[in-house]
Number of protein chains: 2
Amino acid sequence: MIIRRDVFQAIADPTRRQIINMVANQPLNVNTIADSFDVSRQAISLHIKILIECELLKIKKQGRERICEAQLDQLNEVSVWIDQYRQHFEQKLDNLETYLDKLKKERQHGK
Amino acid sequence: MIIRRDVFQAIADPTRRQIINMVANQPLNVNTIADSFDVSRQAISLHIKILIECELLKIKKQGRERICEAQLDQLNEVSVWIDQYRQHFEQKLDNLETYLDKLKKERQHGK
DNA sequence: TACTTAATTAAGTACAAATATAAATACTTA
DNA sequence: TAAGTATTTATATTTGTACTTAATTAAGTA
């Protein structure tokens with residue numbers, strides 16, 4: 001099977017977005033991730049493979065387990081693409097500023 | 001054909017991203033858009049249909065022509081999703097602030 | 001060594017997506 | 001009204017995606 005290794009394609013799938021969401025909070029092994037979904041472990045394994053190929057995820061072997069860790073730098077590509085149209089959809093610029101301030105404070109106070 | 005009407009899916013296709021880019025600058029009719037691509041007009045017509053269904057594009061009939069206009073509010077959904085991971089990929093938060101200031105000034109001085 | 005657990009690889013199926021060609025619709029103009 | 005232009009709809013084909021079950025690899029454990 002030929003897979004299109006492209007961040008936009010990677011995040012197009014809702015299952016993959018959910019996987020990203022799960023591991024963004026904390027690293028998890030494959031089975032723990034798979035347990036959250038109704039599909040087979042093999043199906044999740046493939047989604048993870050796609051995310052790894054798009055460099056949105058990295059694997060750390062730990063015994064027989066494979067721990068999935070988020071590596072979201074590549075999301076920047078999407079962010080940059082979106083940003084060029086921000087003026088087209090951002091109603092209130094101030095909201096983003098408020099958000100930024102919040103984010104900044106969270107950082108300063110250790111998450 | 002059942003199409004997944006979802007903004008993430010809509011922007012997953014590079015052709016559709018390019019169409020968005022074209023009409024974001026100026027409204028264009030279908031044929032003008034199609035001329036920029038190697039594929040058939042019908043294929044572009046379908047891409048446009050998908051973009052309309054995802055509300056990223058709207059059509060204004062003008063005689064026998066159909067003018068495509070960008071309507072990018074729905075990109076906000078992607079933006080919000082990306083934003084929650086911004087701290088994972090934004091190297092310097094200050095850069096964003098600088099960017100925001102710039103954007104703000106551009107707005108104030110009428111683009 | 002045999003058994004269990006974690007995860008992948010392999011093979012196959014069903015359906016969705018992207019495209020093409022052909023025909024139809026709708027409007028404009030000679 | 002016939003011919004031309006703009007675009008969509010219909011139909012078919014090819015490729016890609018998401019998924020399944022079965023088998024395999026690898027690492028712990030009894």
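In this predicted model, chain A and chain B meet through a contact that takes 23 residues from each of the two chains. On the chain A side, the elements that give two or more residues to the surface touching chain B are α1 (7-10), α5 (75-83), α6 (86-89) and α7 (93-108), and the largest share, six residues, comes from α7(A).

Within this contact, the axes of α5(A) and of helix α5 (residues 75-83) of chain B come within 10 Å and cross at roughly 140°. Because angles over 145 degrees would count as roughly antiparallel, the crossing angle makes α5(A) oblique to α5(B), and the crossing of these helices is left-handed. The contact is made by A:Leu75, A:Val78, A:Ser79 and A:Ile82 of α5(A), together with B:Leu75, B:Val78, B:Ser79 and B:Ile82 of α5(B).

The surface near DNA strand D draws on both chains: among its 24 residues, A:Ser40, A:Gly63, B:Asn29, B:Asn31 and B:Ser45 come nearest to the strand. Two or more residues each are given by α4 (41-53) of chain A and by α3 (30-35), α4 (41-53) and β3 (65-70) of chain B, with the largest share, four residues, coming from α4(B).

The table sets out the residue classes of these surfaces.

| Surface | Nonpolar | Polar | Charged |
|---|---|---|---|
| Side of chain A that touches chain B | 15 residues | five residues | three residues |
| Contact of α5(A) with α5(B) | six residues | two residues | no residues |
| Surface near DNA strand D | eight residues | nine residues | seven residues |

Note on methods:
Residues numbered from 1 in each chain as written. Chains lettered and ligands numbered in written order. Predicted model: local features only at pLDDT ≥ 70, side-chain atom pairs only at ≥ 80, totals over all residues. Near = placed C-beta within 6 Å. Nonpolar A, V, L, I, M, F, W, Y, C, P; charged D, E, K, R; others polar. Contact = placed C-beta atoms within 7 Å. Axes fitted to C-alpha atoms, helices over the stretch in contact; angles between N-to-C directions. Parallel < 35°, antiparallel > 145°, perpendicular 65-115°, else oblique. Left-handed = near helix turned anticlockwise from the far one by under 90°.
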